[in-house]
Structure formats: C-alpha cells, structure tokens
Amino acid sequence: MVNTVSMSAPSDTQRMEKIVSLCKRRGFVFQSSEIYGGLNGLWDYGPLGVELKRNLKNYWWRVIVHERDDVVGMDGSILTHPAVLKASGHVEGFADLMVDCRLTNERFKADQIPFQEGTIFTYESARDAMPSDDGLLALAQLAETDQEPQINKDISMSDAVSLGLRIAQRRNLFISAPTNEPESVEQFFLDLLPELLRNPKSEWEERFRLGYSIPPRRVCGDSFRVLVRPGESDSRAKKTARLFYQKRGLRLPVLPQPSKERVSQTQEFNPENGAELTAPRPFNLMFQTQLGASSDPSSIAYLRPETAQSIFVQFKNILEVSRKKLPFGIAQIGKAFRNEINPRNFTFRSREFEQMELEYFCRPEQGMELLEYWKEERLTFYENIGIPRSKLHVLTVPDEERAFYSKGTYDIEYDFPFGRQELEGVAYRTDYDLSQHQKASGKALEYFDEETKQRFVPHVVEPSAGVDRTVLALICEAYSEDQAPDEKGKMETRVVLRFHPRLAPIKCGVFPLLKNNSQLVAKAKAIVELLRPHMTVFYDESGAIGRRYRRQDEIGTPFGLTVDFETLGEKDPALRDTVTLRDRDSMKQERVAIQDLPAILRERLA
Ligand code: GAP
C-alpha cells in the first residue's frame, strides 16, 4: 500500500535535478549531439519522450480539430519566404535586447539582468608589467643553456621569474624575489635587466646586451568597470580587471588607481562576476538560411519562428477549399525555431521547439468574447491532461507589454519547479496579420458575408501552446516519490510518474510471474498480442515482480498485469484465464478475466 505520509518534499532545485536525471536515465529526453559535447538549447526525445509527446499532440488535435466542426488543420513548410516574415514584422522587429559580458563574452537578455547595488570601480586602462616576450626568451636561454636564443619558444611569466632569479643568483645580484603582485614582478625585471645589460659575463650575454633593449611596455587603452557588491572584498575588482586586460593581450597587467562610485540600482553588470556588460543591442531571433546554391540575397529564407504565419498566408486557399463560415479556425502543430540568447531550464526555453497553434477567425465584434471562450477552453484542456487548475494561472498581459495590434492577451502559466512560467499565450490579434499580408502581397484576404453582402478582413483569436513546455509541465506534475514496501516488506522510496493514463507513454506492463515457465510466458505473450491493437504495451519477464512494477512506476505506466499459476487454473479452476491487474497509483490489485481486459483498460484510459 502507498504510505500516505509522503516523504519530505525535495527542494525545487533538487526536484528539477531529479526530473532531468530521470528523463535521461529512462529515455525521455537527451541532450542533442551529446557525444560531441552537446548543442546548447537543443534536445532529442528518446523512446518514452516521443510517445508522451505524440500522445499530447494527438489529444490536442483530437480536441481542437477532430471533435469540432469549425476547425480544420494544415501542415505548412518550415522554410519561409522572407516576404512573409517582413510583412508579419518579424524581419524588423522579432528581436530581443541583449547584452554581452565584457569579460566572458557570455550573452544575456537585457531584461533578465537583475537590479544590483554596490561600488563601481572604473579602470581607464592598464599596461603590461613585463619586458617583451623576446626579451624574456633571451633571458631564459641565457640562464638555461648559454645557447643562442630561439625566438619561437614560448615562456610563461612564472618561468621567466624563476629563470631571472637564477641569473641574479649566478651573478650575485641582490635583487629581492617578487611577490605575485604585477607591480613587484615589474620592479624585479626593472632591477635585473639594466644590470645584465650593463655587465655582460659571457659571449651570449654580450649578444643579449647588444641586441636587446628594454622595449616599450604594452598598454591597453580600453576602460573597464567592475561592480563590487555589499559584502564583497574590494580586491575582487582588481582581480576581475586583471582578467579583463589579460584577455586583451597584457600578460601581467599593472592597473592604475580606479575611480569609485556608489550605485543602488544598476543593470549594467554581470550578476555572476560583477564585470561590466555591453550596452543593450537588438538581436534578431530568427535563423536565416540560403535556398539553392546561389549566395544571392534573393535566395534568403528563414526557419519559421512560429507556425502561425503559414496559417495566415494560406487563409484564402483554406477558406475556399473548406467552405467554412465565420467563425472558424485553422490549426497546426509543427516545429518553430528561435535563436534564443539564453536557452535554459531544461527544455523550457529551447532553440528548436514545437508549437500547437490555432488561428480562430471571426467577425470584429466577436473578438473579445472569443478571447474569453478560448482561455476557458484551454484551461479545461490542461486539466484534462492532468495539470490541476490550482497550478495554472492566468496572467492578463498589461497594455504596455502587449503587442500593439492585440486588443487582449492572456498568458496561461504553470508552477514549474523553477518558478511560475508561461505555457501558452491566448491573444486577440485583431485583423493585423491578414491585413499585413493583404497589403504586402497585393492579394485580397477578405471574407465575403453572404447575409450582409459585405467584404471584410476577419479578426483572429490565437491560442498558441508549446508542445515541449507542456511535455515538461506534464513530467514535472507527474513526478512524485512515496514509500512502498519492497519484496520483503521493507519500506523503500518509490519514484512514480503519475501521468494521466491518456498521456502515459506505455499504458500497460505485462509480466509472467516466472520467465522459465513456458506456460506462463506463452499466456503473457498472448495477452500482449490481445492488447497491442488497442494500446502501447510493454512485456517484461526479467527480475523479481516487485522490481518490474517499480520500473513501470518510474516511467508512469498506469497498469500492470501479472500472469501467475492461478491464470493457468492450477489452484482454483474458477480463476483460470484471469490475471492480476495492478493500479500504478494505489498499487491495489484486482483479479480480472483476460477476455475482459481490452474493454476494462480502454475504459480506464479514456
Ligand atoms: N504565434 C504566437 C507565438 O508564437 P509566443 O508566446 O511567442 O507566441 C507561443 O509562443 C508558445 O510557444 C509559448 O507560450 C511557448 O509555449 C512556446 N514557446 C515559445 N518560445 C519557446 C522556446 N524558446 N522554447 C520552447 N517553447 C517556446
């Protein structure tokens, strides 16, 4: 039985880590190109992930297209004519403001930088503490071998210092050893080099003297700012600035005195390391490619950033062939691509993802009412796939954040372990898209109303959901841990994915009690064949029966069937051709006739 006192809930970060690890371990989601180090923001779905995803898409299609008279489907191309995306505003405006860390080059969305306080240290420039590479090399050669310097050998600063010390020792020069501070290293070389140049002792030293003079020091004129936050040491500013100048070619940067300024609200610094960020600049999120062999600008195409535009562009064709009357919708499920600046939170923000979009066309006066209607429909959809209403939230997007053409937008959000985040947008987009395409293409995209004899461009309400985000929400919602007895009755932690049976990747596990009993095995295999036309089934004969149940619990299989000796009628002839049916969530077992299984399971899955 399930122990009703659940284990202490893991923290949300821990919970997310467990979910990500389970997804990989059991074959839901893998990182794309993992064996080559992975591609950031791209994911591959494994055998169970693809089933879950398909079940979700099939259910959406069933509810939105098959069960309605007023919606038809389409499947548009991913590569998109630039004129389409120019007219829709994506070429000009589909951009995020981004900033780069001047130290690490890491890129952030500008609006994701938190406000910070602290002291800004400003360094106007820096110069190198060292003599040139050639000079160091000559020194090294002198100290090491007394051979002619070879200019193509590299030498590290610490090597140069230790060799310099050795030379000083050999010549009985009293020069104190430098500390790690660049200023001290610089002083060391300034003391050593003139001495060597003045006082050669060998033929090579003579050549060194003749051939080498203290070169001008390298200088980097870039200014750089560091934010030191309350509680952090001021020395962090110096350390960070040195790294910055080292990346710009100085080997041992000597810093000038910085100026300091206190700030209470700034977004100009990297929250991780305090380094200055570049000024925000727009970054278009679309992936561009080239059609055919020509590199002519006329061959440019884009990977679509949303599925919606192909629906608008095919509006006239679909209206004609479907002969639908307003209001009616066109639905599409398909890939979309966005070069997200910061892909994160597992699959939540990816660069390649799938959308399930409906464009529901209507008369202008119906727009606001249909916006409410579709918001409610979509909330019901999520409840029907096992996401409780209490975890869903409707955000009314405020006027200043809404697209200028939208008269009303709702975001449907879900409480992910990493915070409350958008699952779907439901937007009343007015007649903006069709009007834009009508203007740009010169083709009429109007609707003729037989009753009023009027022609007009329809308005549209758009529920736009993310497949990958919903799959992630389903996994997060389903993940649970409880306590259950093992084979010997000892309580152990059980990991269960409590998927709604409709969404579960595998619907039923079938287990012969013993794998070396041919009668049990044959019966179990016959049950697999009986159920396979109706649902996904998994046959497992290896390991103790309890272990087999646990393996299915962990991937969310709602039902388990065990074929035992009673099935063979060995104990009680009345039980011949019956099996135990185990429920994943309650772990209750009941005895059912094999012939009734398809009907019983189909009913419970519906
Ligand atoms: N046609 C409207 C449109 O595309 P959107 O809010 O940009 O609107 C709709 O996207 C949905 O697509 C989002 O609510 C989300 O579920 C999904 N989505 C958007 N960007 C995504 C990304 N980078 N990764 C995963 N899903 C994403």
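These legends describe close-up views of one predicted model.

The model is predicted, so local features need pLDDT of at least 70 and side-chain atom pairs count only at pLDDT 80 or more, while totals for chains, interfaces and linings use all residues. Residues are numbered from 1 along each chain as its sequence is written, and side-chain values use heavy atoms, with hydrogens and water left out.

**View 1. Helix α2 crosses helix α14.**
Helices are DSSP runs of H or I with at least four residues, strands are runs of E with at least two, and both are numbered from the N terminus. The axes of α2 (residues 47-66) and α14 (residues 467-478) come within 10 Å and cross at roughly 115°. Axes are lines fitted to C-alpha atoms, for helices over the stretch in contact; angles run from 0 to 180 degrees between N-to-C directions. α2 is therefore roughly perpendicular to α14 (65 to 115 degrees). The crossing is right-handed, meaning that the near helix is turned clockwise from the far one by less than a right angle. α2 contributes Leu52, Lys53, Leu56 and Lys57 to the contact; α14 contributes Val467, Asp468, Thr470, Val471, Leu474 and Ile475. Contact means heavy atoms within 4.5 Å. The contact residues divide into 6 nonpolar, 1 polar and 3 charged. Ala, Val, Leu, Ile, Met, Phe, Trp, Tyr, Cys and Pro count as nonpolar, Asp, Glu, Lys and Arg as charged, and the others, Gly among them, as polar.

**View 2. Helix α1 also packs on α14.**
α1 (residues 12-25) meets α14 at an angle of about 110°, with the axes 10 Å apart. The two helices are therefore roughly perpendicular to each other. Their crossing is right-handed. Arg15, Met16, Ile19 and Cys23 of α1 touch Leu472, Ile475 and Cys476 of α14. By class, this contact has 6 nonpolar, no polar and 1 charged residues.

**View 3. Strand β20 pairs with β19 and with β23.**
Two strands pair if DSSP finds at least two bridges between them. β19 (residues 408-416) and β20 (residues 419-428) are antiparallel over 9 bridges. They form a hairpin with 2 residues between them. Ile412 stands opposite Glu424 in β20. A further 5 bridges join β20 to β23 (residues 459-466), again antiparallel. Here Gly425 has Ser464 of β23 as its bridge partner.

**View 4. Helix α13 has buried residues and is followed by a glycine with positive phi.**
In α13 (residues 432-441), Tyr432, Asp433, Leu434 and His437 are buried (under 20% relative accessible area, 1.4 Å probe, protein chains only). The buried residues pack against α3 (82-87), α10 (308-313), α11 (315-322), β17 (352-362) and β23. Just after the helix, Gly442 takes a positive phi of about 75°.

**View 5. Helix α15 packs on an open sheet of 5 strands.**
The strand order is β27-β26-β28-β29-β30, with mixed pairing. β27 (537-539) and β30 (589-593) stand at the edges, each with a single partner strand, so one side of each is left without a neighbour in the sheet. The twist averages 25° from one strand to the next. α15 (residues 518-531) touches β26 (508-512), β27, β28 (559-563) and β29. Its direction makes about 160° with that of β26. At the β30 edge, 5 bridges join β29 (residues 578-583) to β30 in the antiparallel sense. Leu581 stands opposite Glu590 in β30.

Definitions and conventions
Angles under 35 degrees count as roughly parallel, over 145 as roughly antiparallel, 65 to 115 as roughly perpendicular and the rest as oblique. Buried means under 20% relative accessible area, exposed over 50%, partly exposed in between (1.4 Å probe, protein chains only).
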